[in-house]
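Thanks for making the time this morning. I would like to walk you through one model, going from a single side chain out to the whole fold, so please keep the structure on the screen while I talk.

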Amino acid sequence: MGSPEGFSGGGDYAAEVRRDPEVDGLLEFLGVYGKIQEIMSWLVEASANADFTVKAVRRGHLQKLMQQLGLDPESPDSFTQLEDMKTGLTDRTLHPKPRIEVPEVGFFKSRIKELITEQQRYGNPTAFDYAVEGRADLAGVARYGHTDWANVQSRAGEKHISEWIHGVARIMADPVAYHAEFAGLGIDSGHRAADHLEIAEDWSIQNGRHRSLATRSLGEEYVLEAGMAQWIPVSVEQA
């Protein structure tokens, strides 16, 4: 089985990770949200003895920030709406909105079986170049990435590995969900630290085995056509 139907390679693709407009919107929201929280904390904790003019300036800044997010600062529901917006980002990892169609679980079940069989018979893919920081990308992982695929297990005991990888692929296909889950943006306490996909110079997987298995399953053509390398960076561990 090759890449999912309907996706063909070709064309020029930049190796570097480019900024995605939807991710830019996410980062802008988080930046504004953080400033709002700072001002709110100051108004609650430090404003009692502060100069009236300073308080007025900060309240004015707070109003502008709320308006920047399309919220009415005079509405009593504005802060509830703000928190609902932030909660929606966390929910995005549970209910991703893939930028492109992701194959069903059966595809991953067949593809994972193929990858394990191929590795047992022929070893790891032959890479003609070492992975180099700044040049290695997700398409390279789709071609050459390797680990002991037979020992990559589901993180939910009741789920087959193909179901888990299907879910991972759905997150990977949604740039906002991916950043919320793996980029360490501090959206919630469970996702504070960045969790980058990392490989060694020989393309062996050092971190992100499930994401790498999803990538190898989907294949290089799918990764290129979907543009996933735009929002999924790959780090290279230097020897």
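In which element is the place of R216? The answer is helix 8, and I should say at once that what we are looking at is a predicted model, so please hear everything that follows with that in mind.

I begin with R216 because, although this residue is buried, it has no salt bridge: the nearest side chain of opposite charge is that of E118, which lies 4.9 Å away, whereas the cut-off for a salt bridge is 4 Å. If we set aside residues up to four places away in sequence, R216 touches R111, L115 and P125, then V141, A142, R143, Y144 and G145, and also W149.

Another residue to look at with care is W203, which has a positive phi of about 75° even though it is not a glycine. You will find W203 in the loop between strand 1 and strand 2, the latter being residues 205-207, and with a relative accessibility of 6% it counts as buried.

Let me turn to the interior. In soluble globular proteins, nonpolar side chains tend to be buried together. Here the largest nonpolar core has 40 residues, and the members that touch the most others are F108, L138, M172, I199, L213 and M228. Two or more residues each are given to this core by helices 4, 5, 6, 7, 8 and 9, and also by strand 1 and strand 3, with helix 6 supplying the largest share, namely 6 residues.

What does F108 touch, beyond residues up to four places away in sequence? Its partners are V102 and P103, then S162, I165, H166 and A169, and finally A214, S217 and L218. Apart from this core lies another one, of 19 residues, which includes L26, V32, L82 and L89.

Stepping back to the whole protein, we have 9 helices and 3 strands, and from the N terminus the order is seven helices, two strands, two helices and a last strand. Of its 239 residues, 42% count as buried, and the protein exposes about 13000 Å², of which carbon and sulfur atoms supply 48%. Finally, if we take the contacts with a separation of 6 or more, 76% of them are between residues 24 or more positions apart.

I am happy to go back to any of these views.

Definitions and conventions:
Residues numbered from 1 in each chain as written. Predicted model: local features only at pLDDT ≥ 70, side-chain atom pairs only at ≥ 80, totals over all residues. Heavy atoms only, no water. Core = buried A, V, L, I, M, F, W, Y, C linked by side-chain atoms within 4.5 Å. Buried < 20%, exposed > 50% of the residue type's maximum accessible area, 1.4 Å probe, protein only. Helix = DSSP H or I, 4+ residues; strand = E, 2+ residues; numbered from the N terminus. Contact = heavy atoms within 4.5 Å. Areas by Shrake-Rupley, 256 points an atom, 1.4 Å probe, with all protein chains shown as cover. Lys, Arg positive; Asp, Glu negative; His and termini not counted.
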